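Welcome, and please bring the model up in your viewer. We will go from stop to stop, selecting a residue or a helix each time and looking at what surrounds it.

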Amino acid sequence: MLYCVMKGPVAGYRSVLRTFISAFIASYEINLQMGDSNLNLILDILCKIYRGEESLCVQFWDKESFIDGPIRCLLCNLEGEFPFRIVELVRLLSSLCEGTWPAECV
């Protein structure tokens with residue numbers, strides 16, 4: 001019962017944190033040239049935000065969701081670096097596939 005009560009607020013906090021990280025990526029033009037530790041820290045945070053949150057994953061893959069735009073750009077950059085950044089790419093994609101439609105998008 002406690003899990004069900006806590007799930008709502010946690011999803012809301014993750015959504016706010018996702019918006020903050022997305023704005024951070026856009027504001028500071030985060031790219032793959034950053035030090036690996038900074039990039040890995042951002043990817044770690046993003047993976048923890050999206051993992052297990054179907055509604056956030058659905059929003060991510062919705063092209064009309066402008067909030068996720070900078071994160072989608074980061075994903076596209078990782079995809080462009082394939083196969084050199086395969087670990088980072090697979091890690092982010094695996095956190096973005098919660099739910100039927102997001103899994104199909106991946």
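In which helix is R18 found? Select R18 and you will land in helix α1. Keep in mind along the way that this is a predicted model.

**Stop 1: R18**

Show the side chain of R18 and turn on the surface. Is R18 buried or exposed? R18 counts as buried, because its relative accessibility is 2%, and the cut-off for buried is under 20%. Now display its surroundings. Leaving out residues up to four places away in sequence, R18 touches I49, Y50, L56, Q59, I67, D68 and I71. Within α1, look for S15 too: the side chains of R18 and S15 are joined by a polar contact of 3.3 Å.

**Stop 2: D68**

From R18, step across to D68, one of the residues R18 touches. D68 sits in the loop between α3 (54–61) and α4 (69–80). Although D68 belongs to a loop, it is buried, with a relative accessible area of 0%. Which side chain makes a polar contact of 2.5 Å with that of D68? It is Y50, so add Y50 to your selection. To complete the picture around D68, add R18, S22, Q59 and F60, which are also in contact with D68 once neighbours within four places in sequence are set aside.

**Stop 3: α3 against α4**

Next, select the two helices on either side of that loop, α3 and α4. Two packed helices are described by the angle between their axes and the distance between the axes. Here the angle is about 75 degrees and the axes are 9 Å apart. Angles of 65 to 115 degrees count as roughly perpendicular, and α3 and α4 are therefore roughly perpendicular to each other. Where do they meet? On the α3 side, pick Q59, F60 and W61; on the α4 side, pick I71, R72 and L75. By class, this contact has 4 nonpolar, 1 polar and 1 charged residues.

**Stop 4: C57**

Stay in α3 and select C57. C57 counts as buried, because its relative accessibility is 0%. Which residues does C57 touch, not counting those up to four places away in sequence? You should find Y50, S95, L96, C97, E98 and P102. Y50 is a familiar face, having appeared at D68. For a distance label, try C57 and C105: they are 48 residues apart in sequence, and their C-alpha atoms are 9.9 Å apart.

**Stop 5: Y13**

Return to helix α1 (residues 2–27) and select Y13. Y13 is exposed, with a relative accessible area of 61%, whereas R18 counts as buried. Draw a line from the C-alpha of Y13 to that of I49: it spans 9.1 Å, although the two residues are 36 apart in sequence.

**Stop 6: F82 and P83**

Now zoom in on the peptide bond between F82 and P83, which is cis, with omega about 5 degrees. P83 lies in the loop between α4 and α5 (86–95).

**Last stop: the whole chain**

Zoom out and colour by secondary structure. The protein chain has 6 helices and 0 strands. Of its 106 residues, 32% count as buried. Among contacts between residues at least 6 apart in sequence, 66% join residues at least 24 apart. Finally, show the full surface: the accessible area comes to about 6,500 Å², and 63% of it belongs to carbon and sulfur atoms.

Definitions and conventions: Residues are numbered from 1 along each chain as its sequence is written. This is a predicted model: local features need pLDDT of at least 70, side-chain atom pairs count only at pLDDT 80 or more; totals for chains, interfaces and linings use all residues. Side-chain values use heavy atoms; hydrogens and water are left out. Helices (H or I, at least four residues) and strands (E, at least two) are DSSP runs, numbered from the N terminus. Buried means under 20% relative accessible area, exposed over 50%, partly exposed in between (1.4 Å probe, protein chains only). A polar contact is a pair of N or O atoms within 3.5 Å; within protein, one must be able to donate a hydrogen and the other to accept it, and residues adjacent in sequence count only if both atoms are side-chain atoms. Contact means heavy atoms within 4.5 Å. Axes are lines fitted to C-alpha atoms, for helices over the stretch in contact, and angles run from 0 to 180 degrees between N-to-C directions. Angles under 35 degrees count as roughly parallel, over 145 as roughly antiparallel, 65 to 115 as roughly perpendicular and the rest as oblique. Ala, Val, Leu, Ile, Met, Phe, Trp, Tyr, Cys and Pro count as nonpolar, Asp, Glu, Lys and Arg as charged, and the others, Gly among them, as polar. Accessible areas come from the Shrake-Rupley method with a 1.4 Å probe; for residues, only the protein chains shown count as cover.
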